Amino acid sequence: MNIQAKRAYGSQSMAAPLRRVLMRSAASAMRHANPKEWHYGPGFDPARAAEQHKAFSDLVAASGAAVEWLTDADDGLADSVFTHDPSLVTDRGAVILSMGKALRKPEPALHEKAYSRMGVPVLGRIEAPGQVEGGDCVWVDAKTLAIGRGVRTNEAGIRQMAALLEPLGIEVLGYDLPLWHGEEACLHLMSVISPLADDLALVYSPLLPAAFYQLLKARGITLVEGDADEFRDSFGLNLNVLPTSPREVIAVAGFPKTAAAMEAAGCKVQTFEADALCIACEGGPTCLTRPVLRG
């Protein structure tokens, strides 16, 4: 019997082969988005964002991952296209998170409903006043979850996550993040690191928490530096890449120096145009996906 084929969920890795992923179409999520309300830049265009999201989702599907669609409802939740943030999936089920951005508060309920449909049990929930967003969560390995403490994730949320995961033998480590460009343009932990394989990560080290940097080095993880000018020009999105398998990644087009650095480290890099979707809306390929099954 092929046990692997029977698995429907489990994702305690950031770069193992992507088998199942939860996404939301920009055509439904962003069709009526008010750029000022959602803090989107002048390049935002809902029609072009939808086209770019379709190109991205085609790349994800071509990698072999099964794409599960969140909803097509006209609910006005523009940021729900960034499915990485409202939940986290472990080998024992999903953790329903609590959003730090007020406009995104309804999104975790959408994820819980989707998991019920998909046969993914709910391991637990982060409850107010706790806040944890998925963009602040990085699996260092299957037994170590790093969480960034910043404007969207707080100490109460990190403590709740530890209470949920430590009985499963998972160590939860919290790291303080800088404010960077302010509360509206938040800095997640994954704004400054994208794992490329279990032993390889793309980083912008000037904004990495020092203790987290030391942990990565101590664990033998090779760090590839994203280009500093491209990081500045993209508001960090040159660093936001999605591994579909170890050393096979999808990245936003237009940042050749960062792509070259990954290729020099042995990665295969695919890109897609994303100025109206990722650059304008401050969320990249990782943000657009919630891995449900890896491995």
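This tour passes from the whole chain to a few individual residues.

The structure is a predicted model, in which local features need pLDDT of at least 70 and side-chain atom pairs count only at pLDDT 80 or more, while totals for chains, interfaces and linings use all residues. Residues are numbered from 1 along each chain as its sequence is written, and side-chain values use heavy atoms, with hydrogens and water left out.

**Whole protein**

Begin with a cartoon of the entire protein, which shows ten helices and 15 strands; helices (H or I, at least four residues) and strands (E, at least two) are DSSP runs, numbered from the N terminus. The radius of gyration is 17 Å, close to the 19 Å that the globule rule gives for 295 residues, so the protein is as compact as a globular protein of that length. Here the radius is taken over C-alpha atoms, and the rule is 2.2 Å times the number of residues to the power 0.38. Along the principal axes, the C-alpha atoms fill a box of roughly 45 × 45 × 40 Å.

Next, switch to a surface. About 11900 Å² is exposed, and carbon and sulfur atoms supply 52% of that area (Shrake-Rupley method, 1.4 Å probe; for residues, only the protein chains shown count as cover). Of the 295 residues, 56% are buried; buried means under 20% relative accessible area, exposed over 50%, and partly exposed in between (1.4 Å probe, protein chains only).

Contacts (heavy atoms within 4.5 Å) may be displayed next. Among those between residues at least 6 apart in sequence, 73% join residues at least 24 apart.

**P17 and its surroundings**

Select P17, in the loop between α1 (3–6) and β1 (18–23). P17 counts as partly exposed, at 23% relative accessibility. Leaving aside residues up to four places away in sequence, P17 touches T244, S245, P246, L293, R294 and G295. Now add E248: its C-alpha is 9.2 Å from that of P17, although 231 residues separate the two in sequence.

**R247**

Move to R247, in the loop between β12 (242–245) and β13 (248–252). R247 is not a glycine, yet has a positive phi of about 65 degrees. Its relative accessibility is 28%, so R247 counts as partly exposed.

**H39**

Select H39, in the loop between α3 (35–38) and α4 (46–62). H39, also not a glycine, has a positive phi of about 60 degrees. With 33% relative accessibility, H39 counts as partly exposed.

**A128 and P129**

Finish at the peptide bond joining A128 and P129, which is cis, with omega about 10 degrees. P129 lies in the loop between β5 (122–125) and β6 (137–141).
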